[in-house]
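Subject: Structure handover

Hello,

Here is the structure we spoke about, with my notes below it. Please read the notes with the model open.

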Amino acid sequence: MNWISLTILTFLLAEFVLRLIAGNLNLTRISDRIPSPFQGLYAPDKYRQSQAYLRTNTRFGLIVAAVDLLLLVVFWFAGGFAGVDKWTRALGWGPVATGLLFIGALAGLKALVNQPFNLYATFVIEERFGFNRTSFGTWVKDRIKGALVALTFGIPLTAGVLFFFLTTGPNAWLWCWGLVTVFTIGVQFIAPTWIMPLFNRFEPLEEGELKDAIMGYAASIGFALENVFVMDGSKRSTKSNAFFTGFGRHRRIVLFDTLVAKHSVAELVAVLAHEMGHYKMRHIHKMMAIGILQTGLLLFLLALAIETPALFDAFYVQQPSIHAGLVFFGLLYTPVDFLMGMLVQRVSRAHEYAADRFAAETSGRCEAMIDALKKLSVHNLSNLSPHPFYVALHYSHPPVLQRIEALQRGQSRNERRMREDGGGR
Ligand SMILES: [Zn+2]
């Protein structure tokens with residue numbers, strides 16, 4: 001053990017303890033009392049079920065985190081990293097191919113470890129609470145397609161990074177930054193048309209009242225919208241959602257078929273107004289810019305760390321290499337990643353409030369937005385009152401009660417303003 005292994009172990013343990021504390025704080029919030037805005041929407045039975053869902057998922061998340069940590073530590077101190085390094089070197093391939101094999105083998109192992117958990121979450125937990133619609137065949141196909149997509153993008157990207165670190169000297173991190181940036185933006189462009197259809201069917205929303213209402217709203221805020229798509233989310237789950245992907249010509253607004261089935265036209269327009277709000281306020285671009293800056297920092301620090309022999313000693317690897325340095329630095333980076341993650345989620349939560357406000361003000365359907373949020377939460381058995389510490393750690397969206405309160409505050413502010421403008425009418 002050297003100072004680097006001690007540092008990494010401390011970070012990993014600290015992160016786990018924080019998750020444990022957050023999870024347990026969240027569990028203390030469990031109660032049979034339905035929060036007042038939801039009274040009448042939840043049958044007492046259904047509410048109890050939502051609390052059981054929360055308990056099950058929180059505990060399951062903690063078990064997964066504990067097993068992950070345990071397996072990593074055992075693999076590490078039993079000389080697993082050194083073993084894979086020796087085995088890949090013994091093949092005598094070139095540095096890039098050896099590196100790809102080393103990283104690929106470790107990523108493959110990690111993916112294998114994840115599968116039983118994923119299987120349990122889908123076919124036991126989601127099934128028990130009535131959400132699961134995934135057939136075993138779909139689940140297997142999803143794994144295979146996911147692996148193929150990961151290989152298609154992962155191999156050239158990793159090979160590029162290894163190549164630049166091997167050949168471009170002190171500026172390697174800058175070259176890699178450029179490469180990763182081009183890749184990230186490129187994937188955003190092709191994801192809606194090339195990747196997502198591998199997993200789901202996207203049908204243009206049929207002509208009728210809903211489409212007219214959506215197109216009418218989009219025109220009213222000057223949002224160029226070619227089409228709205230309906231995705232067969234019901235293939236995997238009864239949970240519903242809506243989202244926005246892609247850029248420029250390829251951008252898409254997508255509604256889950258499960259959402260269309262459960263909500264009124266006014267509610268659906270409000271939900272899409274929220275999504276268009278994200279785009280209008282450039283949230284998607286901002287998040288992407290933050291991601292690119294984070295990558296730059298990661299690569300800059302990586303370039304420094306890769307020169308440190310102690311990093312390789314910490315994992316019992318005798319011969320330093322770019323590919324091993326990449327993996328080991330990934331572990332050393334844990335706390336930075338963790339803190340950045342919290343910061344990014346904070347920004348994301350602020351974006352959600354802003355998009356809600358945008359939707360309420362531009363569509364004039366504040367009540368519909370609130371109704372949509374309520375219905376979504378009930379159908380998805382969302383946790384209505386998570387602990388603030390848990391929210392800080394894990395939530396990219398604010399808890400629903402806070403979103404409703406913010407919308408109501410905005411509405412009464414507007415009404416007051418209108419009364420004042422109206423001048424004593
Ligand atoms: Zn949103």
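**Helix α14 and what follows it**

At 1.5 Å a residue, the 14 residues of helix α14 (residues 366-379) should span 20 Å, and the end C-alpha atoms are 20 Å apart, so the expected and computed values agree. Bear in mind throughout that this is a predicted model.

α14 is mostly covered, with ten of its 14 residues buried. The buried set consists of Cys366, Ala368, Met369, Ile370, Ala372, Leu373, Lys374, Leu376, Ser377 and Val378. A lysine, Lys374, is thus on the list of buried residues. After α14 comes Leu381, which has a positive phi, near 50°.

**Helix α13**

The same check was run on helix α13, which covers residues 334-363. Its 30 residues should span 44 Å at 1.5 Å a residue; the C-alpha atoms at its ends are 42 Å apart, which agrees. Gly364, just after α13, takes a positive phi of about 65°.

**Packing of α10 and α12**

Two packed helices are described by the angle between their axes and the distance between the axes. For helix α10 (residues 283-305) and helix α12 (residues 322-332), the angle is about 115° and the axes are 10 Å apart. The crossing of α10 past α12 is right-handed.

Which residues in α10 meet α12? On the α10 side they are Leu298, Leu301, Leu302 and Ala305, and on the α12 side Gly325, Leu326 and Phe329. Sorted by class, this contact has six nonpolar residues, one polar residue and no charged ones.

**Positive phi outside glycine**

Two loop residues are worth a look in the backbone plot. Arg282 is not a glycine, yet has a positive phi of about 60°. Arg282 sits in the loop between α9 (265-280) and α10, and is partly exposed, with a relative accessible area of 49%. The cut-off for exposed is over 50%, so Arg282 at 49% stays in the partly exposed class.

Tyr316, also a residue other than glycine, has a positive phi near 60°. Tyr316 lies in the loop between α11 (309-313) and α12. With 36% relative accessibility, Tyr316 counts as partly exposed.

**Salt bridges**

How many salt bridges does a search of the whole structure find? The search gives ten. Three of them are described here.

- Arg48 and Asp45: the closest N and O atoms are 2.9 Å apart. Both residues lie in helix α2 (residues 44-77), three residues apart, which is about one turn of the helix. Arg48 is partly exposed at a relative accessible area of 41%, while Asp45 counts as exposed at 57% relative accessibility.

- Asp68 and Lys110: the closest N and O atoms are 3.6 Å apart. This pair links distant parts of the chain, with Asp68 in helix α2 and Lys110 in helix α4 (residues 95-128), 42 residues apart. Asp68 counts as partly exposed at 27% relative accessibility, and Lys110 is partly exposed with a relative accessible area of 43%.

- Glu126 and Lys239: the side chains meet at 3.5 Å, N to O. This pair also links distant parts of the chain: Glu126 is in helix α4, and Lys239 is in the loop between β2 (228-231) and β3 (242-245), 113 residues apart. Is Glu126 buried or exposed? At 16% relative accessibility, Glu126 counts as buried, because buried means under 20% relative accessible area. Lys239 has 24% relative accessibility and counts as partly exposed.

Helix α4 therefore appears in two of these entries, through Lys110 and through Glu126, and the cut-off for each bridge is a nitrogen within 4 Å of a carboxyl oxygen.

**Glu206**

Glu206 is placed in the loop between β1 (202-204) and α7 (209-220). At 65% relative accessibility, Glu206 counts as exposed. The C-alpha atoms of Glu206 and Asn380 are separated by 25 Å, and the two residues are 174 residues apart along the chain.

Regards

Conventions:
Residues numbered from 1 in each chain as written. Predicted model: local features only at pLDDT ≥ 70, side-chain atom pairs only at ≥ 80, totals over all residues. Heavy atoms only, no water. Helix = DSSP H or I, 4+ residues; strand = E, 2+ residues; numbered from the N terminus. Expected span 1.5 Å × (residues − 1). Axes fitted to C-alpha atoms, helices over the stretch in contact; angles between N-to-C directions. Left-handed = near helix turned anticlockwise from the far one by under 90°. Contact = heavy atoms within 4.5 Å. Nonpolar A, V, L, I, M, F, W, Y, C, P; charged D, E, K, R; others polar. Buried < 20%, exposed > 50% of the residue type's maximum accessible area, 1.4 Å probe, protein only.
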